[in-house]
Amino acid sequence: MTSQIPLITPHKMGPFQLSHRIVLAPLTRSRSYNGVPQPHAILYYSQRTTTGGLLIAEATGVSDTAQGFPDAPGIWTKEQVEAWKPIVDAVHEKGGIFFCQIWHAGRTSSYRPKAVAEPMQSSKFQPNGQASISSTDKPVTPKQLANGEVIEYSPKLETNEISKIVNDFSLAARNAIEAGFDGVEIHGAHGYLIEQFLKDEVNDRTDQYGGSIENRCRFALEIVEAVSKEIGPERVGIRLSPFANYQESGDSNPEELGLYLVNALNKFGIVYCHIIEPRMIQVGERADTPHSLLPPRKAFNNTFIVAGGYDREEGNKAVSTGYTDLVAHGRIFLANPDLPKRFELDAPLNKYDRSTFYTPDPVVGYTDYPFLSNSD
């Protein structure tokens, strides 16, 4: 019986009644040409929709300064909002619950497609070629791509600019609701702008947004407060990665940081907290660690979601032992659009092809992974 499979049991997440505990994690797919969601995303997301299943859309920029990947979607213009509507409608037609992950890349958004020997030109992702914004003037180490292009970072954000960024998140949340989304997930993880404030390896500010843990968390909590006021806390989640060190964004005391944040989030009553497992210190790599998410799980009042390379057995155990309410899956959900069905039946899984994760192709590596049968 399905009731014996912990992942295939219902869960009430605020006003949303979920039929199972398997969540589509937010996954950058780089197929929203010029920042506008495309019709091929209708099929992609609807393929992965089940009645009462929770999907979290790919990282979606809150403003024209927020982008950090080629062809990542945005939600700050009317055109983008209108383009999201049929995608959201397709998920709702199949009974899914759909949250939009709203995001600002911060210092990781500066990209110059120039050869190494050439002087720095403009930043590809900034509207006027200006420097990207961050908590710090410290750049991320420039990266050279295989084709000789260079990704170079040049951050800058003044204290008086911070309120505008908070407002950008609020407006993006309003736009997401206008597009039909059920809620938003604030991206506070993986070395992007919010985490550039949270982590002491990055944040070297001397104003009210730097120094103590309270000050470093101020920006994130101002965004949570503004977004909650804009659309209601029952429609707001957040993703955090206190233990991770993505994009040179580590912290000297991740346990304290994670626990402080979760307790502070309780004051706003947001519907869920989504945290990356401590073992995922770097993208796609598991590491042995003594750390656990049990302390923040116990501290958080509402729905708790974990992510971090979970398979079926690990997910079932995490739910059955009360370690989490929901489990978010990325790569295996990408490769298995019918993942809940496969987990229910304990069926074999398709293998993902990493080389097609970020290509712009509207089909290959996107909507061409097979289902268990054509009748599903």
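A residue counts as buried when its relative accessible area is under 20%. By that cut-off, helix α1 (residues 40-47) is largely enclosed by the rest of the structure, because six of its eight residues are buried. The residues in question are H40, A41, Y44, Y45, S46 and Q47. They pack against a mix of elements, namely β3 (22-24), β4 (54-56), α2 and β6 (97-103). The model described here is a predicted one.

Stepping back to the whole chain, there are 10 helices and 13 strands. Of the 376 residues, 58% count as buried. The accessible surface adds up to about 15100 Å², with carbon and sulfur atoms supplying 51% of that. Contacts often span long stretches of sequence: taking those between residues at least 6 apart, 72% join residues at least 24 apart.

The loop between β3 and α1, which leads into the enclosed helix, holds both S32 and N34. The two sit quite differently with respect to the surface. S32 is buried, since its relative accessible area is just 5% and the cut-off is 20%. N34, on the other hand, is exposed, with a value of 74%. The backbone at N34 is worth a look too, as its phi is near 55 degrees, a positive value in a residue that is not glycine. Once neighbours within four places in sequence are set aside, S32 is in contact with P37, Q38, E58, D71, A72 and P73.

One of those partners, D71, has a backbone angle of a similar kind to report. Its phi is near 60 degrees, again positive in a residue other than glycine. D71 belongs to the loop between β5 (60-61) and α2, and it is partly exposed, at 24% relative accessible area.

The loop between β6 and β7 (143-144) offers two further buried positions, I133 and V140. I133 has a relative accessible area of 10%, so it is buried. V140 is also buried, at 3%. Each can be placed against a residue from elsewhere in the sequence. I133 and T65 are separated by 68 residues along the chain, yet their C-alpha atoms are 8.0 Å apart. For V140 and G191, the separation is 51 residues in sequence and 10.0 Å between C-alpha atoms.

Now for the charges. Side chains of opposite charge can pair when their charged atoms come close. A search of the whole structure turns up 13 salt bridges. One of them joins K85 and E82, whose closest N and O atoms are 2.8 Å apart. This pair stays within a single helix: both residues lie in α2 (residues 78-93), three residues apart, or about one turn. Both are partly exposed, K85 with a relative accessibility of 25% and E82 with 35%. The pair is also part of a wider arrangement, as K78, E82, K85 and E178 are linked in a network of salt bridges.

Other salt bridges reach across the sequence. D251 pairs with R216, the closest N and O atoms being 3.1 Å apart. D251 is in the loop between β10 (236-240) and α6 (254-266), while R216 is in helix α5 (residues 213-231), so this salt bridge ties together parts that are 35 residues apart in sequence. Both partners are buried. R312 and D346 form another such pair, with 3.8 Å between the closest N and O atoms. Here too distant parts of the chain are linked: R312 is in helix α8 (residues 312-320) and D346 in the segment after α10 (339-345), 34 residues away. D346 counts as exposed, because its relative accessibility is 52% and the exposed class begins over 50%.

Some charged residues also group together at the surface. D137, E158, E161 and D204 form a negative patch there. Within this group, E158 is found in the loop between β8 (150-151) and α3 (162-178). With a relative accessible area of 40%, E158 is partly exposed.

Terms used:
Residues are numbered from 1 along each chain as its sequence is written. This is a predicted model: local features need pLDDT of at least 70, side-chain atom pairs count only at pLDDT 80 or more; totals for chains, interfaces and linings use all residues. Side-chain values use heavy atoms; hydrogens and water are left out. Patches are made of residues with over 30% relative accessible area and no salt bridge: like charges are joined within 9 Å, nonpolar side chains (Val, Leu, Ile, Met, Phe, Trp, Tyr) within 5 Å. Accessible areas come from the Shrake-Rupley method with a 1.4 Å probe; for residues, only the protein chains shown count as cover. A salt bridge is a side-chain nitrogen of Lys or Arg within 4 Å of a carboxyl oxygen of Asp or Glu. Lys and Arg count as positive and Asp and Glu as negative; His and the chain ends are not counted. The place of a charge is taken as NZ of Lys, CZ of Arg, CG of Asp or CD of Glu. Helices (H or I, at least four residues) and strands (E, at least two) are DSSP runs, numbered from the N terminus. Buried means under 20% relative accessible area, exposed over 50%, partly exposed in between (1.4 Å probe, protein chains only). Contact means heavy atoms within 4.5 Å.
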